[in-house]
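Okay, everyone, thanks for coming. I'll put the structure up and we'll walk through it together.

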Amino acid sequence: MGIAFVDRWRARHGGAAVAPAARAAGASDAAGAAGGTGEGIGGLLAECELLREQAGLAGVVLDDTPASLSALDQLLPRWRDDPEASDWLGNDAGLYLGTVIVRTVPGAAWRVWPDGRPTVLLPAGRELDVVRMGHSWATDGYPELAVACAEAEED
């Protein structure tokens, strides 16, 4: 996928990885911590620097809760005028969506595929391509991030 820090992390740890939260769902653990401690792949994926900067400029605090996803959905999409910014913001929006899901849905976990693509594995076994969802949100406004999170909570 070409997310540099994921590629470097994957090179050190090898292969597809599932964060520890997935242990409860019976998945293997190769990723390190995924919680709010900033350790492991979950901490790296939660950084979302560009999105946090853009949200902050608009007065939106990203506190890793579903309510912050609703606030993001309400932002005016000024970034759509700049394809490069839209692409980076799409990555960050997807990673942030995944971060909120992993931190709020019991048993949800990050999974990083050998190609570097991060997804979220839900307890029922469904896998969400959150980066794809983030790109769609950044370019088209759909799916709304809060709705995607609510659907993951229902799964």
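So, how many salt bridges do we get here? The count comes to four. Keep in mind that this is a predicted model, so treat each distance as something computed from it.

Let's start with D64 and R103, whose side chains meet in a salt bridge at 2.2 Å, N to O. Where do the two partners sit? D64 is in the loop between α3 (49-57) and α4 (66-73), while R103 is in helix α5, and the pair links distant parts of the chain, 39 residues apart. As for accessibility, D64 has a relative accessible area of 15%, under the 20% limit, so it counts as buried. R103, at 31%, is partly exposed.

D64 has another partner, too. A polar contact of 3.0 Å joins its side chain to that of R52. Put these together and you get a network of salt bridges linking R52, D64 and R103.

Let me stay on D64 for a moment. Leaving out residues up to four places away in sequence, which residues does D64 touch? The answer is R52, Y96, T99, V100, R103 and T104. And there's something about the backbone: D64 isn't a glycine, and its phi is positive, near 65°.

Does anyone want the general idea behind these pairs? Side chains of opposite charge can pair when their charged atoms come close.

Next on my list is R111 with E127. They form a salt bridge, and the closest N and O atoms are 3.9 Å apart. Here the link runs between strands: R111 is in β2 (residues 109-112) and E127 is in β4 (residues 127-128), distant parts of the chain that are 16 residues apart. R111 is partly exposed, with a relative accessible area of 21%. E127 also counts as partly exposed, at 29%.

Then there's R126 and D155, with side chains meeting in a salt bridge at 3.6 Å, N to O. R126 lies in the loop between β3 (118-121) and β4, and D155 lies in the segment after α7 (145-154), so this pair ties together parts that are 29 residues apart in sequence. On accessibility, R126 comes out at 37%, which is partly exposed, and D155 is partly exposed as well, at 38%.

Now over to the helices. How do α5 and α7 sit against each other? Their axes come within 10 Å and cross at roughly 35°, and the crossing is right-handed. On the α5 side, the residues are A93, L97, V100, I101 and T104, and they meet L145, A148, C149, A152 and E153 in α7. By class, that contact has eight nonpolar residues, one polar and one charged. You may remember V100 and T104 from a minute ago, because D64 touches both of them.

While we're on α5, let's look at N91. That helix covers residues 83-104, and N91 is in it. Is N91 buried or exposed? Its relative accessibility is 14%, and since buried means under 20%, N91 counts as buried. Its side chain has a polar contact of 2.9 Å with the side chain of H135. Again leaving out residues up to four places away in sequence, N91 touches V131 and H135.

Two backbone details before we finish. Which peptide bond is cis? That's the one from Y142 to P143, with omega near 0°. P143 lies in the loop between α6 (130-140) and α7.

The other one is C48. It has a positive phi of about 45° although it's not a glycine. C48 is in the loop between α2 (40-45) and α3. Its relative accessible area is 4%, so it's buried.

If you take one spot back to your bench, make it D64: buried at 15%, in the loop between α3 and α4, and in a salt-bridge network with R52 and R103. Okay, that's my bit, over to you.

Methods: Residues numbered from 1 in each chain as written. Predicted model: local features only at pLDDT ≥ 70, side-chain atom pairs only at ≥ 80, totals over all residues. Heavy atoms only, no water. Helix = DSSP H or I, 4+ residues; strand = E, 2+ residues; numbered from the N terminus. Buried < 20%, exposed > 50% of the residue type's maximum accessible area, 1.4 Å probe, protein only. Polar contact = N/O pair within 3.5 Å; in protein donor to acceptor, adjacent residues only side chain to side chain. Contact = heavy atoms within 4.5 Å. Axes fitted to C-alpha atoms, helices over the stretch in contact; angles between N-to-C directions. Left-handed = near helix turned anticlockwise from the far one by under 90°. Nonpolar A, V, L, I, M, F, W, Y, C, P; charged D, E, K, R; others polar.
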